[in-house]
Amino acid sequence: MRRKLVAGNWKMHGTRSGTAELIESLLGAMPDGQAECAICPPFVYLTDAARLLRGSPVLLGAQDVCAEAQGAYTGEISGAMLRDVGCHFTLVGHSERRALYGESDELVARKFAAAQSQQLVPILCVGEVLAERESGRTHEVVGRQLDAVLQVVGVAAFARAVVAYEPVWAIGTGRTATPEQAQDVHAFIRGRLAARDANISGSVRILYGGSVKAGNAAEIFGQPDVDGGLIGGASLKADEFAAIVAAAG
Ligand code: PGA
């Protein structure tokens, strides 16, 4: 049985006091469910967040990680640093990093490996843009993004990783993939892993992300290969996020 996971990606939002308020409200609203839950605040608020989350079931994640272990990389944050301040997860290859900061499949694969080498659990984000979907290339694009990581780390590494399918056209647009569209790509991802190792493919969690709200979460999470969600906008509202976690539980 794969335990469902709901992770909130706060992106570049909030203030120090707002972060504390949101975490306190979230802890007050959290349902007693079966689902695992994590939040990924901005780097500079991770230490505060770790302190506020101590003793709670909510896990901490970062939004990105440097591909290098340490050294002269101005502005970067290493996996060891993230681990040191209490992170359990880190996103890698979010579509905004790929599109706005030029992260290649190869760099994302190195970030995935760097995260794991510091005992972080990477949440590998993959997904197609609208033109790729409309030209029938979704599987090709998602397969390429996945293969780039498999080539570097091998399938065994997915025993300690999470995949997030996020169609880029659904992120922050209010336009969600239908449950069938999500299931189709999730099954494709699981099948691609199964071709290399059936045990690992059966245990890896594949999250859906892209305009998930309290109102549509249950239907999406009800698909057989959807193991939870990666939530952007709706993770900034405690009640809404808690309702999404409840829908997964
Ligand atoms: P959204 O973002 O829920 O606001 O669409 C999801 C994401 O970018 O991870």
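**Figure 1. Helices and strands of the whole chain.** Count along the chain and you get 11 helices and 8 strands; both are DSSP runs numbered from the N terminus, with helices (H or I) needing at least four residues and strands (E) at least two. The radius of gyration, taken over C-alpha atoms, is 17 Å, close to the 18 Å from the globule rule for 249 residues, so the chain is as compact as a globular protein of that length. That rule is 2.2 Å times the number of residues to the power 0.38. Along the principal axes, the C-alpha atoms fill a box of roughly 45 × 45 × 35 Å. This is a predicted model, where local features need pLDDT of at least 70, side-chain atom pairs count only at pLDDT 80 or more, and totals for chains, interfaces and linings use all residues. Residues are numbered from 1 along each chain as its sequence is written, and side-chain values use heavy atoms, with hydrogens and water left out.

**Figure 2. Who surrounds the ligand.** There are 13 residues around the ligand, and Lys11, His94, Glu166, Gly172 and Ser211 come nearest (near means a heavy atom within 4 Å). The shell splits into 4 nonpolar, 7 polar and 2 charged residues; here Asp, Glu, Lys and Arg count as charged, Ala, Val, Leu, Ile, Met, Phe, Trp, Tyr, Cys and Pro as nonpolar, and the others, Gly among them, as polar.

**Figure 3. Backbone contacts of the ligand.** Zoom in on polar contacts, pairs of N or O atoms within 3.5 Å. A ligand oxygen lies 2.6 Å from a polar backbone atom of Gly172. For Ser211, the distance from a ligand oxygen to a polar backbone atom is 2.7 Å, and for Gly232 it is 2.8 Å.

Technical notes
A polar contact is a pair of N or O atoms within 3.5 Å; within protein, one must be able to donate a hydrogen and the other to accept it, and residues adjacent in sequence count only if both atoms are side-chain atoms.
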